[in-house]
Amino acid sequence: MDSAIPIYVISVAAELADMHPQTLRQYDRLGLVIPSRAPGRARRYSPKDVGTLREIQRLSQEGVSLEGIRRILELENQVAALQSRVQELGAELALRRSQPDASRVFAAGLAGDVVTLARGKRPRPRSQALMVWRPDPQSSGAKRIL
């Protein structure tokens, strides 16, 4: 079952998190846990939301202020997003490394992005700078070629 599917009404979520429903409403107003809304504006909580509520309760019992809890949750979300991006980039890198084309040439695009070029080709004349990197077979790094 997907832990992000909103299935619990506020009374059930409050019971599962061992909190009063009014506390859940307050956390919603503060933006700590924002549940989905069913038709009629009724709140619906997912199992992930209930886990977050339990984490809020644990941190609160340890003496962390609600603003501190909000910041902790925000940072945890950023870390999760960055870890996901690292996995995406790792998969992309593995795919590129598995391709047999050993004559890859890269340049910086106008927006600062990496552009792949065919060997012997140059980027459009709008750009005056060209930076080419080629893997150095002697080390795990790359060397710069002008």
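In which helix is Asp49 found? In this predicted model, Asp49 lies in helix H3, which covers residues 47-61. Asp49 is buried yet forms no salt bridge, and the nearest side chain of opposite charge, that of Lys48, is 6.9 Å away. When neighbours within four places in sequence are left aside, the residues in contact with Asp49 are Val33, Pro35 and Arg44.

Helix H3 also contributes to the largest nonpolar core, a set of 16 residues in which Leu24, Tyr45, Leu53 and Ile56 have the most contacts. At least two residues of this core are supplied by each of H1, H2, H3 and helix H4 (66-98), and the largest share, 4 residues, comes from H3. For Ile56, again leaving aside neighbours within four places in sequence, contacts are made with Tyr27, Leu32, Val33, Ile69 and Leu73. Val33 is thus in contact with Ile56 and also with Asp49.

Two residues in loops were examined for their backbone conformation. Asp18, placed in the loop between helix H1 (10-16) and helix H2 (21-30), has a positive phi of about 60 degrees although it is not a glycine. Asp18 counts as exposed because its relative accessibility is 62%, where the cut-off for exposed is over 50%. Arg41, which is placed in the loop between strand S2 (36-37) and strand S3 (43-45), likewise is a residue other than glycine with a positive phi, here near 70 degrees. With a relative accessibility of 58%, Arg41 therefore counts as exposed.

Definitions and conventions:
Residues numbered from 1 in each chain as written. Predicted model: local features only at pLDDT ≥ 70, side-chain atom pairs only at ≥ 80, totals over all residues. Heavy atoms only, no water. Buried < 20%, exposed > 50% of the residue type's maximum accessible area, 1.4 Å probe, protein only. Lys, Arg positive; Asp, Glu negative; His and termini not counted. Salt bridge = Lys/Arg side-chain N within 4 Å of Asp/Glu carboxyl O. Contact = heavy atoms within 4.5 Å. Core = buried A, V, L, I, M, F, W, Y, C linked by side-chain atoms within 4.5 Å.
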